[in-house]
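Q: I would like a close look at a single part of this model, taken slowly enough for a first-year student to follow.

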Amino acid sequence: MENDVRTSNGELTLLPKQFVNKDRILFNIGYATKWDKWKFDFTWQWNGKRRVPNTEAGHIHTINSETVFAPAFSNINAQITRGFKKWDLYVGGENLNNFTQPNPILGANDPFGKTFDASMVYGPVIGRMIYLGMRFKIPNRV
């Protein structure tokens with residue numbers, strides 16, 4: 001999928017809109033064995049590079065002619081479920097390739113300062129997460 005979203009910088013120039021990536025790919029595959037004894041799910045998402053504000057000068061809202069792009073990144077999620085008659089047991093993971101955005105909050109050491117900005121997040125801020133769980137099936141009595 002391609003998104004070609006542009007915005008004006010106050011002049012006659014159209015620039016790619018900030019934080020909107022032009023390219024994005026989503027792939028999901030799931031498989032279940034007979035009677036849902038085993039279920040497998042795998043999701044891969046690729047996010048292309050995107051324009052972000054130039055924060056090099058130390059002032060986050062400085063208008064600078066230099067265009068800055070955040071890097072492209074992938075995100076992988078997967079889950080395996082073992083079904084039983086009245087309950088399920090599952091194990092899975094999110095952000096399995098462990099990509100995180102470095103320093104997502106600008107000026108975090110001075111939250112009341114002029115350079116503080118928590119709105120510059122373009123990617124995951126939490127690394128790899130593995131989980132294990134149990135799900136009970138409640139019968140439908142209608």
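Q: Which residue in β8 is the bridge partner of A78, and how does the sheet around this pair fit together?

A: In β8, A78 has G93 as its bridge partner. This is a predicted model, in which local features need pLDDT of at least 70, side-chain atom pairs count only at pLDDT 80 or more, and totals for chains, interfaces and linings use all residues. Residues are numbered from 1 along each chain as its sequence is written, and side-chain values use heavy atoms, with hydrogens and water left out. Strands here are DSSP runs (E, at least two residues) numbered from the N terminus, and two of them pair if DSSP finds at least two bridges between them. Strands of a sheet pair through backbone hydrogen bonds, either parallel or antiparallel.

Strand β7, residues 73-83, and strand β8, residues 87-94, pair in the antiparallel sense over six bridges, and a hairpin of three residues joins β7 to β8. Another bridge partner to find in β8 is Y90, which belongs to T81. Strand β7 also pairs in the antiparallel sense with β4, residues 38-47, over 10 bridges, and there W46 has S74 in β7 as its bridge partner.

These strands belong to an open sheet of five, in the order β3-β4-β7-β8-β9, with antiparallel pairing. Because β3 (24-32) and β9 (129-136) stand at the edges with a single partner strand each, one side of each is left without a neighbour in the sheet.

Technical notes:
Helix = DSSP H or I, 4+ residues; strand = E, 2+ residues; numbered from the N terminus.
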